[in-house]
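Here is a short walk through a few charged pairs, and then through a strand, a loop and a helix that follow one another. Please keep the structure open beside you as you read.

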Amino acid sequence: MKKPLSKNPKLAETKSLNKAWVFMEEFRKVFPDIKLHSVSMFIHICQNPDTTIAEIARRIGVSEASASRNMNVFRSGKIHLRGVDRDGFGLIDIAEDFHDRRQKKVVLTHKGEAVRDSIINILSS
């Protein structure tokens, strides 16, 4: 794992900032050029089990179409990203809401739960 880069030793030693660095590095293991808004989507999913794409979009301030498109990287199966077909990361599943079929529920997979638990361990230590 990379060490935080800082010319200010006091800043690099700040426990909270070091935890934040390790947290971001966990995501970079899965997706090296992950965007901050994608991380915020994943955190929202972790905090709100069975949330909907519409709720995530409202929470982070983007359209539902944008949230859905950006969330695809976390799904299982083949995805099309930046002009390339590749495998999704398998961290979430998306299914129709049984009460309102227009809504799409987002849930963590076992792999997603493992990443969530790893992040919680990093931030709790």
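Arg116 is partly exposed, at a relative accessible area of 23%; on this scale buried means under 20%, exposed over 50% and partly exposed in between, with a 1.4 Å probe and protein chains only. The model is predicted, so local features need pLDDT of at least 70 and side-chain atom pairs count only at pLDDT 80 or more, while totals for chains, interfaces and linings use all residues. Residues are numbered from 1 along each chain as its sequence is written, and side-chain values use heavy atoms, with hydrogens and water left out.

What does Arg116 pair with in a salt bridge? Its partner is Asp117, with 3.1 Å between the closest N and O atoms. Asp117 is partly exposed as well, at 35% relative accessibility. A salt bridge here is a side-chain nitrogen of Lys or Arg within 4 Å of a carboxyl oxygen of Asp or Glu. Side chains of opposite charge can pair when their charged atoms come close. The structure holds three such bridges, set out below.

| Salt bridge | N to O distance | Relative accessible area |
|---|---|---|
| Arg116 and Asp117 | 3.1 Å | Arg116 23%, Asp117 35% |
| Arg58 and Glu55 | 3.2 Å | Arg58 59%, Glu55 28% |
| Lys104 and Glu96 | 3.6 Å | Lys104 29%, Glu96 35% |

Arg58 and Glu55 both sit in helix H4 (residues 53-60), three residues apart, about one turn of the helix. Helices (H or I, at least four residues) and strands (E, at least two) are DSSP runs, numbered from the N terminus. An α-helix has 3.6 residues a turn, so residues three or four places apart point the same way. In this pair, Arg58 is exposed, whereas Glu55 is partly exposed.

Now to the strand. Leu108 belongs to strand S5 (residues 104-108) and is buried, with a relative accessible area of 15%. Contact means heavy atoms within 4.5 Å. Leaving aside neighbours within four places in sequence, Leu108 touches Phe42, Ile45, Cys46, Leu91, Ile92, Glu113 and Arg116, the last of these being the arginine of the bridge with Asp117. The C-alpha atoms of Leu108 and Pro49 are 7.7 Å apart, although their positions lie 59 residues apart along the chain.

Thr109 comes next, in the loop between S5 and helix H6 (110-124). Is Thr109 buried or exposed? Its relative accessibility is 12%, so Thr109 counts as buried. The Thr109 side chain reaches the backbone nitrogen of Gly112 at 3.1 Å. Beyond four places in sequence, Thr109 is in contact with Gly90, Leu91, Ile92 and Asp93.

That brings us to H6. With 15 residues at 1.5 Å a residue, H6 should span 21 Å, and its end C-alpha atoms are indeed 21 Å apart; the expected span is 1.5 Å times one less than the number of residues. Gly112, Val115, Ile119 and Ile122 are the buried residues of H6. Seen down the axis, these buried residues fall within an arc of 85°, so they line one face of the helix; the arc is that of the directions from the helix axis to the C-beta atoms. What do they pack against? Their partners are helix H2 (15-30), helix H3 (36-47) and S5. On the other side of H6, His110, Asn121 and Ser124 are exposed.

How values were computed
Polar contact = N/O pair within 3.5 Å; in protein donor to acceptor, adjacent residues only side chain to side chain.
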